[in-house]
Amino acid sequence: MSLLEFATRCVDELPARSAEIEGARRLPSDLADEMRRAGVFRMLVPQVYGGLEVHPRQFIEVLKLISIGDGSAGWNAMIGSTTGILSASLPEEFARAIYGENPDVLTVGVTAPLGKAQIEGENLVVSGRWPFGSGCNNADWICGGCFVYEDGEQVMGTFGPVIRLVMFKADQVNIEDTWQVTGLRGTGSHHYSVDNVVVPRGRSVLLGNRAAIRTPLFQFPMLGLLALGVASVSLGIGYAALESFKELAGVKKPTGSNRKLIDRQMVQSDVAKSVADLESSEAYMQKVVDDAWRAAEQGERLSLDQKSALRLAAVNATHKSVAAVDRLYQLGGGSSIYMDNPLQRCFRDIHVTTQHIMVAQPIYELTGKVLLGLDPKQPI
């Protein structure tokens, strides 16, 4: 079964397990194992390490389809696949040890620099605590962003303090049961921590550095691919809400009315607006990905404008998906609030995606600076 065939199957099969996924507050192990075998977590791993190294268009489509089936499952797929990008920046010895020896490996993590890594010879001694550790219960390796220190002093770089993403074996990490939330409840995004864990320096990646592997996929910035992944999950949730509402509209007659929702002009108009929001934002995202891919195929580093366009397309797709879901949820009326109606889950899940830093509202300001010729003063 191809990767796209697996993702398409998820559209039909995952909804029946959504209540189970939410109740468990994590992705069930058998579903994580199915994603492993299908290659979901190897989408962004270089072929030289046994990865699939897919075109970003396929990456977007696979995540969208899985998320149509279930938003939490799609989020887990996104975190696992995007963390695989680190394989292209790790020293070869460590990349092969983590990604090459086990083709079904699952790596997850958090880029936020909430840890402290002290350089001691060829090692890093790391302590820290990170929230939003999606997929940590199923992972083989878990990474965390860290500010780097040497001889007690913070190491500085071009954009300020140096940040490294440090990879820990799962058994080096303490997972705390903290994921009690409103939406994306099945992602298992618990806090996790380490205390004075010793890690070889080669098992870390400098955030913002160009990838060591220079094939087209890895000309794309890590943050840009992460943002596209979050947006793809949002689109999937949006399309799921659309299909759920269509089913409801064909049977529901609001209290005091003889007409079904489907026969109301306002409903017809708002459904059209929702389709336009979803499809236009998806098309824009595909366009900027294709533009960037053409440059990457020539071996060029993406320009600031191209990287900014990827981020803008991702934040736009996320917030257009939110607009579509909110509109459809309101159209569903009282029916939308019941736990057996997928609209309530879509509503809860979509509003959690907007809280991810890669697609939060400040990204509009960041990309607007670039469009106006101003220095964004931070990596994009």
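The following questions and answers cover a pocket, some salt bridges and a surface patch in a predicted model.

Local features here need pLDDT of at least 70, side-chain atom pairs count only at pLDDT 80 or more, and totals for chains, interfaces and linings use all residues. Residues are numbered from 1 along each chain as its sequence is written, and side-chain values use heavy atoms, with hydrogens and water left out.

User: Which helix gives the most to the lining of the second largest pocket?
Analyst: A pocket is an open set of points on a 1 Å grid over the protein atoms alone where a 1.4 Å probe fits, with protein on both sides within 12 Å along at least five of seven lines; lining residues have an atom within 4 Å of a point. The lining has 21 residues, and α2, α4, α7 and α10 each supply at least two of them. Helices are DSSP runs (H or I, at least four residues), numbered from the N terminus. With seven residues, the one that gives the most is α7.

User: Where does the salt bridge partner of aspartate 290 lie?
Analyst: A salt bridge is a side-chain nitrogen of Lys or Arg within 4 Å of a carboxyl oxygen of Asp or Glu. Aspartate 290 meets arginine 57 in such a bridge, at 2.7 Å from N to O. The two are 233 residues apart, with aspartate 290 in helix α8 and arginine 57 in helix α4.

User: Is aspartate 277 buried or exposed?
Analyst: The side chain of aspartate 277 forms a salt bridge with that of arginine 327 (3.2 Å, N to O). Aspartate 277 belongs to helix α8 and arginine 327 to helix α9, so the pair ties together parts 50 residues apart in sequence. Buried means under 20% relative accessible area, exposed over 50%, and partly exposed in between (1.4 Å probe, protein chains only). At a relative accessible area of 12%, aspartate 277 is buried.

User: What accessible area do Leu371, Leu372 and Leu374 have together?
Analyst: These leucines form a nonpolar patch on the surface. Patches use residues with over 30% relative accessible area and no salt bridge, joining like charges within 9 Å and nonpolar side chains (Val, Leu, Ile, Met, Phe, Trp, Tyr) within 5 Å. Leucine 374, in the segment after α11, is partly exposed at 48%. By the Shrake-Rupley method with a 1.4 Å probe, where only the protein chains shown count as cover for residues, the accessible area of Leu371, Leu372 and Leu374 together is about 370 Å².
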